[in-house]
Each structure stands twice: as structure tokens, then as C-alpha cells.
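Biologist: I'm new to this one. Could you take me on a close look at the place where the ligand sits?

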Amino acid sequence: MSNPVAADRGGRTMQEPEQEGENRYAAEREALVRSIEAELAERSGAYGLEELDPRVANALRRVPRHQFMPASERRIAYVDHAQPIGFGQTISQPFVVAVMTDLLRLEPDHIVLEVGTGSGYQAAVLAELARHVYSVELIEELADSAREQLQALGYRNVDVKCGDGARGWAEHGPFDRIIVTAAAEGIPPALLNQLRPGGRLVIPVGRQYETQWLTLITKDEQGTMEEHRFSPVAFVPLRHRG
Ligand code: SAH
């Protein structure tokens, strides 16, 4: 039998710092949400948003961003910056995640396509607000680790596949909403085709190291599309396979 005193002490020393850590992360997350709200209120004109939708703010409060980051980066998980996640890729900046999610105007019955799963963080935020999220990632290792992490956190309404997201995910389309989290030089036609009438697509458009414009495409019930351009953003490029 194991020594009960040692086991007890071991249990406590394992649990307490972890709980303290989670409490600290929650406090940092709250501060981050407030700073995003304040920044957006200041720059509202730049995105056509008056203020951060409280539903989006609550989703940001619920998703543990630190769990989507490499252990070495976790202590800065709630600093409002993009951070490296390996393979030359990044987890998006929380402010940009907030703005892009808000521009989508998600409803609880929506089916969403995400192109560029990366860490899975943006997918989790979408999953808090929509019925189902289909997310496509080009790099197999990232697709696998994002899928695992989303499962471990209990997200049952997200599917991740490895593939070229510029082609969309036709079997599950058309989509109510589409979000691309890598910068495209042009809007991939497959994505426009897989967008449902009444749908919205949010995508950064521009070349790497040049100005990339955060862009919203709306498709009305007749299928007519309109393009709205907001402030510049900086994303890794949408790449093509092979
Ligand atoms: N949404 C992510 C941020 C992703 S960074 C997050 O919340 O962490 C952009 C991601 O797009 C990278 O992981 C990159 O590998 C991926 N990517 C680039 N080109 C792609 C393509 N054609 N199809 C799918 N994913 C692509």
C-alpha cells in the first residue's frame, strides 16, 4: 500500500497550484476582455461595430486560450498578441479574434466553416456561439493537436480535418458563415460558392508583409455579394498544397 500521508500531501501540492493557476488565468482573461471592449469602443468606426457583442465577450471569457498554447507560452496567453504555435504558424491576436467573430454575427443555429484551424482557439470561440464548426487545417500536426485539445475541453460541435481549406469542405456546405484565419491574395471562389444566401464571410485579403485588409463579404438572399473593407490586419499567408 502506498503511504497515505505522502499521497495526501502529493494530491494537495498537485491541486492547489493548478487551481490557483486557473483562477489567475480567469482573472487575466477578464482583464483582456475588458481591454478588447475598450479598444473596440475607441476604434468602432474601423470595423463598423459600435461595441463588442456581449455574446462574443462571454465566449472569450469562457474559452481558456492558454490551453491552446505551447506550455512555454502559457503565462503570456492573455496578453493581446498573436503568439507562435510551431510550424511557423500563430494563434491569432485575441482582439482580432473578437472583431472577426463579431463581424460574423453568429446565431446559435449556424453552421460555420473555418479555414486555418491553427491552435483551435478561434474554432472554440466559434463553437461557443454556433451549432457546428467545420475547420480545415493544412498542417497535419496542427490539425491533430487542435482536434485533441478541443475534445479534451469538451467541444463536441467541432470537426477538424487536414486539407486545403481554400477548397472549403463541400460535403458539409453550404455554410451560414465562413471565416478564414490566414491571409488570401484573392477570395477563393470555392468559399464564395459554399456560402449560403444570407451568409457572411470574413477574410483577411492581401499578400504576406504587405497590407492585408480585414474583409467582410455578405451574400443576400438573391445571391448578390457585397464587399466591405475594414482596418489592416497581419496574418500568416493562406497557402496552397502541392
Ligand atoms: N485560427 C487559428 C489561427 C491560425 S493561423 C487559431 O485560432 O489559432 C493560420 C493557419 O492557417 C495556420 O495554422 C496555417 O497552417 C493554416 N493554413 C494556411 N493555409 C491553409 C490552407 N490553404 N488551408 C487550411 N489551412 C491553412
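**Around the ligand**

Modeller: Let's start with strand 2, which gives three residues to the shell around the ligand, the most of any element. Keep in mind that this is a predicted model. Strand 2 covers 89–91, and the other elements that give two or more residues to that shell are helix 5 (121–129) and strand 4 (132–137). There are 25 residues around the ligand, and S119, E137, D164, G165 and R239 come nearest. Sorted by class, the shell holds 10 nonpolar, 11 polar and four charged residues.

Now for the polar contacts. An N or O atom in the side chain of S119 is 2.6 Å from an oxygen atom of the ligand. The backbone joins in too: a backbone N or O atom of G116 lies 3.0 Å from a ligand nitrogen, and a polar backbone atom of L138 is 3.1 Å from a nitrogen atom of the ligand. Taken alone, the ligand would expose 580 Å², and the protein buries 100% of that.

As for where that is, the ligand sits in the largest pocket. This pocket holds about 530 Å³ of space. It is lined by 38 residues, with T90, T181, A182, F235 and V236 closest to its centre. The lining divides into 21 nonpolar, 12 polar and five charged residues. Strand 2, helix 5 and strand 4 turn up here again, each supplying at least two residues of the lining, as do helix 4 (94–104), strand 3 (111–115) and strand 9 (225–233).

Terms used. Residues numbered from 1 in each chain as written. Predicted model: local features only at pLDDT ≥ 70, side-chain atom pairs only at ≥ 80, totals over all residues. Heavy atoms only, no water. Near = heavy atom within 4 Å. Polar contact = N/O pair within 3.5 Å; in protein donor to acceptor, adjacent residues only side chain to side chain. Areas by Shrake-Rupley, 256 points an atom, 1.4 Å probe, with all protein chains shown as cover. 1 Å grid on protein atoms, 1.4 Å probe; cavity = no way out; pocket = protein on both sides within 12 Å on 5 of 7 lines; lining within 4 Å. Sits in = over half its atoms within 2 Å of the grid points. Helix = DSSP H or I, 4+ residues; strand = E, 2+ residues; numbered from the N terminus. Nonpolar A, V, L, I, M, F, W, Y, C, P; charged D, E, K, R; others polar. Points joined across faces, edges and corners; volume = space filled by probe spheres on them.
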